[in-house]
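Here's a quick tour of a protein chain for the bench. Have a look at the picture first, then we'll go through it topic by topic.

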Amino acid sequence: MLLTGSVAMAQNDVDPGRKQAIDSLALEKVKDLSKYISLIGSKDTPFSEAQRVMDRAEELFAPGSEMGVSSLSSEEITYYKVREYFEHLMALNYDKVKIQWYDIHYVSDLERQPDGSYVGVITIYQRFEGTTADNTLNYKDTTKKDITIYVKKKETQIAGRVIEFWDVMLGDIRVTETSA
C-alpha cells in the first residue's frame, strides 16, 4: 500500500480511470479539510486537539497557499497563509462557531501544465454561524469558494524500489461570493 492520500500510477499521462481516482482523492481531501476547519473553529475542541488538527490540515496544502476570508459588512476579502487562517479561526470572538461545507464539486477538469503537472478547481459553499453566549453577537453568512487543486507526479522508495505516484495538494482558496 502506498502513502495515504496518493494515487499510484506508472504513466506520464492521466488515463480516464486514473483521473477518476485522482478526482476522488481531491474531493476526499477537500472533505477532510471541511472536517478539520469545523473542528478548529469549534469552541468545544480542546486547544491541544485543535493544534493537532491544524497540523494535519496544513499537510493537505501546497507550500505558500492562502485562504480567503470575507464578511457581509465589507466588500474586502482578506487572504491569510493557511496556518495564519487556522489561528485566526480559533481566535474568533464567539462562544459558539458552526462551519459547514456543502455542494462540493469540480468546476473545471484537470488541465495539463507545461511541467507535466495538472491543475483543477473545486468549488464549495461554506455556511458560517457565530454566536456569543448572551446572543449579543450573532453572525451568519454563506460563502462560495474556489479551491485550486494541484496534481503532481512524485516518487517514493518502498522496499528499495522506486515507485511513482500522483499526489494531490490543495492550493489557494479564493472567495468568489458572500451572501446572507
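In which strand is Asp 103 found? Asp 103 is found in strand 4. Keep in mind that you're looking at a predicted model. There are 180 residues in the protein chain, and they're arranged with three helices and seven strands.

**Overall layout**

- Going along the sequence, the pattern reads β-α-α-β-β-α-β-β-β-β.
- Put a box along the principal axes, and the C-alpha atoms of the protein chain fill roughly 60 × 35 × 25 Å.
- Take the contacts with a separation of 6 or more: 63% of them are between residues 24 or more positions apart.

**Surface and charge**

- About 10,000 Å² of the protein chain is exposed, with carbon and sulfur atoms supplying 47% of that area.
- As for burial, 41% of the 180 residues count as buried.
- The protein chain carries 22 positive and 29 negative charges, and the mean positions of the two sets sit 4 Å apart.

**The nonpolar core**

- The largest nonpolar core has 37 residues, and Leu 33, Ile 37, Phe 61, Phe 86, Trp 101 and Ile 149 have the most contacts inside it.
- Who chips in two or more residues to this core? The list is helix 1 (16–41), helix 2 (47–58), helix 3 (82–90), strand 4 (96–112), strand 5 (118–131), strand 6 (138–158) and strand 7 (161–179).
- Helix 1 gives the largest share, eight residues.
- As background, nonpolar side chains tend to be buried together in soluble globular proteins.
- Set aside the neighbours within four places in sequence, and Phe 86 is in contact with Leu 33, Ile 37, Ile 40, Met 54, Ala 57, Glu 58, Phe 61 and Met 67.

**Two residues with positive phi**

- Most residues other than glycine have a negative phi.
- Asp 103 isn't a glycine, yet its phi is positive, about 50°.
- Asp 103 counts as partly exposed because its relative accessibility is 45%.
- Ala 159 isn't a glycine either, and its phi is also positive, about 55°.
- Ala 159 lies in the loop between strand 6 and strand 7.
- Is Ala 159 buried or exposed? Ala 159 has a relative accessible area of 81%, so it counts as exposed, the cut-off being over 50%.

**A look at Glu 28**

- Glu 28 has its place in helix 1.
- With a relative accessible area of 46%, Glu 28 is partly exposed.
- Glu 28 and Ile 173 are 145 residues apart along the chain, and their C-alpha atoms are separated by 16 Å.

Technical notes. Residues are numbered from 1 along each chain as its sequence is written. This is a predicted model: local features need pLDDT of at least 70, side-chain atom pairs count only at pLDDT 80 or more; totals for chains, interfaces and linings use all residues. Side-chain values use heavy atoms; hydrogens and water are left out. A nonpolar core is a set of buried Ala, Val, Leu, Ile, Met, Phe, Trp, Tyr and Cys residues joined through side-chain atoms within 4.5 Å. Buried means under 20% relative accessible area, exposed over 50%, partly exposed in between (1.4 Å probe, protein chains only). Helices (H or I, at least four residues) and strands (E, at least two) are DSSP runs, numbered from the N terminus. Contact means heavy atoms within 4.5 Å. Accessible areas come from the Shrake-Rupley method with a 1.4 Å probe; for residues, only the protein chains shown count as cover. Lys and Arg count as positive and Asp and Glu as negative; His and the chain ends are not counted. The place of a charge is taken as NZ of Lys, CZ of Arg, CG of Asp or CD of Glu.
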